Amino acid sequence: MQIDYIGSLPLIVIWLALGAIGIVIQAFVRDNTRLVFGYYVATLGLTGLAAIVLSGHKGASFGGMITLGGYANYFDALFCGAGIMALLAARPYLQKEESEVDEFYTMLVSSVAGMMLMAHASNLVVLFVGIELMSISFYVMAGFFRTSTKSVEAALKYFLLGCFATGFLVYGMSLIYGGTGSLAYGDIARTVVTQQLTYPTLFVVGTTLLVIGLSFKIAAFPFHQWAPDVYEGAPTAVTAFMSTAGKAAAFSAFVAVFVALLPAGWTSEIAQNQQIVIAVIAAATMLLGNITAVVQSNVKRMLAYSSVAHAGYMLMGILAGPSLGTDGMNGHHAIVFYATSYLFMQMGAFVVVGILERRDGGFLNIDDYAGLHHRHPVLAALMAVFMFSLAGIPPFAGFFGKYMLFAAAIERGFTWLAIVGVVSSVISAWFYLGLIVKMYFQDAKDSGHEAPAGLAGFTLAVSVVGVVFFGLFPQLLINIFRSW
Amino acid sequence: MLPTTIPLDWYLILSAVLFVTGVVGVLTRRNAIIIFMSIELMLNAVNLSLVAFSAYSGDIGGQMFVFFIMSVAAAEAAVGLAIVLSLFRNKQTIYVDDVNVMKW
């Protein structure tokens, strides 16, 4: 088996750090959360650094099961960065809740390892293992406050629905394997292009099941019901991580799978039918997410429904596919840009919520945020930036992400979908700006409480810099995408 | 050696029937443990179809995939039963209808 040790370094580093050294540290060092925390921050830093340095090193490794360089390494760096931000935000949060256990950091890093595997996969087996490594770590993290009924309830719902979705996912993979005779993306694409499918019907059914399975992971309509409950019930630090990095990882896999299954783009007749289905799913996801978010009274639940809507926006990029010409808008690049900016703004918003949250689980209602600007001016200002960006108001990153996605959809003739997108963005402005109005133009009900940020302040700083910087200079990222 | 006497379709029909049985079980039963058993049934139906495809195409990839599915299912069982256990400690129930603190 051919193994490119240099190119696979990011993966090898995180595997060794988790599976070999991390286990030993946890076995022999007891009750030293600080050491484990520092160790895993360093691990993610090193992995991310290796991914950035080796991003030009393209090729395949592990017998062609894993692709290296470019796209995959960009996502490696993104996941590691998100992991560090989540670790920094999680430590003060867990200390406040008095449930800091060092296993939490291990689970978080193991989910990052799963995400990296998803982005690197060029074989359905690797994709499956990556998705499961990420999901199983998330199940544990969602139920991390094991004495809290809400947290355990979130974990149970997430676990049952996630496993159910896994069933569809692997059945889809199995039928694709039967239809094409291979599990490798490259072989599947070749078989589809040359139209040498052994069982074309099985292939179509398998593709549909695989898309259903992945739709669960990105929380697209009609498979989104788990998202609000899980995001509300899970510890806020966990929600911040899994609603951002988890979604980015699912989309990184979605894009790669689509390139394999539809190598000729949306040209064939079956593909065009599927394109219509995905367009309807995207429209329904955007509208349903935003309309339901309007009536929510809990901040976490509101952000959860809005995250459903954002999955709908990103599906537009899948629909548009890679660009036809050289200067056209590339739907896949738009997804990567949106996933990046979404990561910063959504994580920032959840971290602010986590800092303000009280020990007893209070201060999660939208009404609690009235007059926040008097008591916590910095947090209120940061929250306002994230809300503006989520609503898609320039000059923040969310605006350019949305612009790229809508433009890509229009270029492919999906003007109606872009109109639905704009309408649902306007609906979303209602609750995003409503929160800002509450914070700045209403009087507080009570005197408030201390909300020290601690290490989470670093996460917030990075988030706000990312939101503003990529909003002002989107070209920097787009140039990276063009080099793949 | 190819199992020539039984056609591939039969394996696929059996695996589809098992899969649908699992789906129906997940959707209709309310006991968390039984729901989880139904999910395991779905995964094993997939294993059957993978092995059949693999045997008939002469490609070893499908059988290899089955091992991964089995080990992932074991990991899921470990985590899932732990979650059900902590649910029982909190609420003295394992029926999913009683798990409804959060609603929209």
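A cavity is a set of grid points over the protein atoms where a 1.4 Å probe fits but cannot get out, and its volume is the space filled by probe spheres set on those points. By this definition, the second largest cavity of this predicted model has a volume of about 60 Å³. The structure holds three cavities of 30 Å³ or more, and the largest of them encloses about 70 Å³. This briefing covers the two cavities, three helix pairs and some backbone features of chain A.

**Largest cavity**

- The lining of the largest cavity consists of Met134(A), Phe138(A), Tyr158(A), Lys217(A), Trp226(A), Tyr231(A), Met242(A), Ser243(A), Gly246(A) and Lys247(A).
- Two or more lining residues come from each of α5 (124-142), α9 (226-233) and α11 (245-261) of chain A.
- By class, the lining of the largest cavity comprises six nonpolar, two polar and two charged residues.

**Second largest cavity**

- Around the second largest cavity stand Ser135(A), Tyr139(A), Tyr158(A), Leu161(A), Gly162(A), Ala165(A), Phe216(A), Lys217(A) and Trp226(A).
- At least two residues of this lining are supplied by each of α5, α6 (149-180) and α8 (200-218) of chain A.
- Helix α6(A) gives the largest share of the lining, four residues.
- The lining of the second largest cavity divides into six nonpolar residues, two polar residues and one charged residue.
- Tyr158(A), Lys217(A) and Trp226(A) appear in the lining of the largest cavity and also in that of the second largest cavity.

**Helix pair α13(A) and α18(A)**

- Helix α13 (residues 299-320) and helix α18 (residues 415-441) of chain A pack with their axes 11 Å apart, at an angle of about 160°.
- Angles over 145 degrees count as roughly antiparallel, and α13(A) and α18(A) are therefore roughly antiparallel to each other.
- The crossing of α13(A) with α18(A) is left-handed.
- On the side of α13(A), the contact is made by Met302(A), Ser306(A), His310(A), Tyr313(A), Met316(A) and Leu319(A).
- On the side of α18(A), the contact is made by Leu417(A), Ala418(A), Gly421(A), Ser424(A), Ser425(A), Ser428(A), Phe431(A) and Tyr432(A).
- The contact of α13(A) with α18(A) has eight nonpolar and six polar residues, and no charged residues.

**Helix pair α2(A) and α4(A)**

- Helix α2 (residues 33-53) and helix α4 (residues 103-120) of chain A pack at an angle of about 15°, and their axes are 10 Å apart.
- Angles under 35 degrees count as roughly parallel, so α2(A) and α4(A) are roughly parallel to each other.
- Helices α2(A) and α4(A) form a left-handed crossing.
- From α2(A), the residues Thr33(A), Val36(A), Phe37(A), Tyr40(A), Leu44(A) and Thr47(A) meet Tyr105(A), Thr106(A), Val109(A), Val112(A) and Met116(A) of α4(A).
- Eight nonpolar, three polar and no charged residues make up the contact of α2(A) with α4(A).

**Helix pair α14(A) and α20(A)**

- The axes of helix α14 (residues 331-356) and helix α20 (residues 474-482) of chain A cross at roughly 135° and come within 10 Å.
- At this angle, α14(A) and α20(A) are therefore oblique to each other.
- Helices α14(A) and α20(A) cross in a right-handed manner.
- The contact involves His333(A), Val336(A), Phe337(A) and Thr340(A) of α14(A), together with Pro474(A), Leu477(A), Phe481(A) and Arg482(A) of α20(A).
- The contact of α14(A) with α20(A) comprises five nonpolar residues, two polar residues and one charged residue.

**Backbone features in loops**

- The peptide bond from Phe221(A) to Pro222(A) is cis, with omega near -5°, and Pro222(A) lies in the loop between α8 and α9 of chain A.
- Pro394(A) and Pro395(A) are joined by a cis peptide bond with omega of about 5°, and Pro395(A) belongs to the loop between α16 (377-391) and α17 (397-411) of chain A.
- Phe62(A) is not a glycine, yet has a positive phi of about 55°; the residue Phe62(A) sits in the loop between β1 (59-61) and β2 (66-68) of chain A.

Note on methods: Residues are numbered from 1 along each chain as its sequence is written. Chains are lettered from A and ligands numbered from 1 in the order in which they are written. This is a predicted model: local features need pLDDT of at least 70, side-chain atom pairs count only at pLDDT 80 or more; totals for chains, interfaces and linings use all residues. Side-chain values use heavy atoms; hydrogens and water are left out. On a 1 Å grid over the protein atoms alone, a cavity is a set of points where a 1.4 Å probe fits but cannot get out, and a pocket is an open set with protein on both sides within 12 Å along at least five of seven lines; lining residues have an atom within 4 Å of a point. Ala, Val, Leu, Ile, Met, Phe, Trp, Tyr, Cys and Pro count as nonpolar, Asp, Glu, Lys and Arg as charged, and the others, Gly among them, as polar. Axes are lines fitted to C-alpha atoms, for helices over the stretch in contact, and angles run from 0 to 180 degrees between N-to-C directions. Angles under 35 degrees count as roughly parallel, over 145 as roughly antiparallel, 65 to 115 as roughly perpendicular and the rest as oblique. A crossing is left-handed if the near helix is turned anticlockwise from the far one by less than a right angle, and right-handed if clockwise. Contact means heavy atoms within 4.5 Å.
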